[in-house]
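Subject: Handover of a structure and findings

Dear colleague,

I am handing over to you the structure shown below. Please look through it before reading the findings that follow.

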Amino acid sequence: MSAPPAKRVRDPRLDLFRGLTMFIIFVAHVPENGWNDWIPARFGFSSGSELFVFCSGAASAIAFGSIFVRRSWWLGTARILHRMWQVYWAHIGLLFVLAALAAGADRLWPGQDWFEDQFGYFIEAPARAMLGVITLTWQPDYLDILPMYIVVLALIPVMMGLRRLHPLAPFGLSAGLYLAVKLQGINLPGDPEAETGWFFNPFAWQLVFFSGFALMSGWVRTPPLGDRRLMTAGILFLIACVPLSFWGFTDNVAALHDLRERLLGADEKQNLALLRWVHFIVLLYVVLSAIEPYRDRLATGIGAVLVAVGQQSLATFLASLVFARIAWVLLDMIGHGALATALVNLAAFAGIVAVARLVAWVKSAPWAAPARGPAAMPAGSTQLPAAPAEPAPTRNNAPTSRVRAV
């Protein structure tokens, strides 16, 4: 009998980056959050969105790619459909939870219009809004990344099928979809009020997703980490991007703001400006090179906290958006001073970590652990008597059935 394939060891770097993204997502989803001025996106073209989508692609390669290779394309597709089903209902549930929180806040503190700010379409056209929610053709503000994730997941079976035809075929499709966005403006219908399509255009953002997927699947050969020439060029490029991104420059020097607009375009995030992707890839190489000497120690100290959060990415992502809504209400009520902002942000960070620990504990199924003897039984319970041992068969006590036990 052949030995089962060894379980793939989790890469702590992937979980570390996913965990970091959850905190960035929380900060970025709280309006007027002072900490939002200092997240990595303020110092370069790319943002936490690229990191989230890239890590999702890399994680999908680990979770689903081997099913296509070792089992079959059909089973891999079935696994993808199951994941899409999970993410779809997570999105629906999250939307209604946030709507309920906003409605509850409006009822407790009338006049703030928290519900109308984000879910006003429910008031204007409730029937069309409900249909839009179910069909993903309406995505309220801050609730647009999971629908994009569902669509790029649906592209995985297509990419895996093309990979069987030719190693370069998936890259051709990815590049073709991206060019179709830039040349033809393809998108999915969304935001029926503004008619602007999905905020995260999945046909553009699949470029980031499949960059992570291809890297983790071994479809591309990566340059050696720490190469002196590449590191020098990368660092110089990242430094050059800071004046075009940091608000301290762009808010005070109109020429820098205008230059950024010309380089990236007004739809830089919706349709993923190419410079955002380039900036992210360069930043990824520089950061991976910088942490490579410490790779074995990433899951210690604060790194262990980030890894724990990253390992439960869907649960902590949902929690981060729920906490962002609560923080939104709290800061509007108590003010946006430095101390209040710090306390609210840190409390939400602790909540995200707590959710990660709780989900990990539940997934470990502690109730399925074997009991530790009679002392582990609850008081008042009665232990069932053991069944009598079956006598060994002899010539005079032979079994009457010839069915072999399996």
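The notes below describe the pockets, the cavities, the salt bridges and a surface patch. Please keep in mind that this is a predicted model.

Pockets

The largest pocket holds about 1,200 Å³ of space. Its lining counts 47 residues, and the closest to the pocket's centre are Ala59, Ser60, Ile62, Ala63 and Phe64. Helix α2 (48–71) is among the elements that supply at least two residues of this lining, and α2 gives the largest share, 15 residues. The other elements that supply at least two residues each are α1 (12–28), α3, α6 (145–165), α8 (202–217), α14 and α15 (338–363). Sorted by class, the lining of the largest pocket comprises 25 nonpolar, 10 polar and 12 charged residues.

The second largest pocket has a volume of about 980 Å³. Its lining is made of 45 residues, and those closest to the centre are Tyr142, Asp144, Phe199, Phe200 and Lys269. At least two residues each come from α1, α2, α4, α10 (247–250) and α11 (254–264). Here α4 provides the largest share, with seven residues. The lining of the second largest pocket divides into 16 nonpolar, 16 polar and 13 charged residues. Elements α1 and α2 thus appear in the lists for the largest pocket and for the second largest pocket.

Cavities

Two cavities of 30 Å³ or more are present in the structure. The largest cavity has a volume of about 80 Å³. Its lining consists of His29, Leu98, Gln118, Tyr142, Leu143, Leu321, Ala324, Arg325 and Trp328. Helix α14 contributes the most to this lining, with four residues. By class, six residues of the lining are nonpolar, two are polar and one is charged.

The second largest cavity has a volume of about 30 Å³. It is lined by His91, Leu94, Tyr142, Leu143, Asp144, Ile145, Leu146, Phe317 and Leu321. At least two of the lining residues come from each of α3, α6 and α14. The lining of the second largest cavity has seven nonpolar residues, one polar residue and one charged residue.

Tyr142 recurs in these descriptions: Tyr142 is one of the residues closest to the centre of the second largest pocket, and Tyr142 also lines the largest cavity and the second largest cavity. Asp144 is likewise among the residues closest to the centre of the second largest pocket and lines the second largest cavity.

Salt bridges

Side chains of opposite charge can pair when their charged atoms come close. How many salt bridges does the model contain? The count comes to six.

One of them joins Arg276 and Glu50, whose closest N and O atoms are 2.7 Å apart. Arg276 lies in helix α12 (residues 274–291) and Glu50 in helix α2, so this pair ties together parts that are 226 residues apart in sequence. Are Arg276 and Glu50 buried or exposed? Arg276 counts as buried because its relative accessibility is 4%, and Glu50, with a relative accessible area of 0%, is buried as well.

A salt bridge also links Glu268 and Arg260, at 3.0 Å from N to O. Both of these residues, Glu268 and Arg260, are buried. Glu50, Arg260, Glu268 and Arg276 are linked in a network of salt bridges.

Arg295 and Glu292 form a further salt bridge, in which the closest N and O atoms are 3.8 Å apart. Arg295 has a relative accessible area of 31% and is therefore partly exposed. Glu292 is also partly exposed, at 29% relative accessibility.

Surface patch

Val97, Leu101, Leu108, Trp109, Ile326, Leu330, Met333 and Ile334 make a nonpolar surface patch of about 690 Å². The elements that give two or more residues to the patch are α3 (73–108) and α14 (313–334). The largest share, four residues, belongs to α14. Trp109 lies in the loop between α3 and α4 (114–124). Because its relative accessibility is 35%, Trp109 counts as partly exposed.

Helix α14 therefore links several of the findings: α14 gives the largest share of the nonpolar patch and the most to the lining of the largest cavity.

With kind regards

Note on methods:
Residues numbered from 1 in each chain as written. Predicted model: local features only at pLDDT ≥ 70, side-chain atom pairs only at ≥ 80, totals over all residues. Heavy atoms only, no water. Patch = residues over 30% accessible without salt bridge, like charges linked within 9 Å, V, L, I, M, F, W, Y side chains within 5 Å. Areas by Shrake-Rupley, 256 points an atom, 1.4 Å probe, with all protein chains shown as cover. Salt bridge = Lys/Arg side-chain N within 4 Å of Asp/Glu carboxyl O. Buried < 20%, exposed > 50% of the residue type's maximum accessible area, 1.4 Å probe, protein only. 1 Å grid on protein atoms, 1.4 Å probe; cavity = no way out; pocket = protein on both sides within 12 Å on 5 of 7 lines; lining within 4 Å. Points joined across faces, edges and corners; volume = space filled by probe spheres on them. Nonpolar A, V, L, I, M, F, W, Y, C, P; charged D, E, K, R; others polar.
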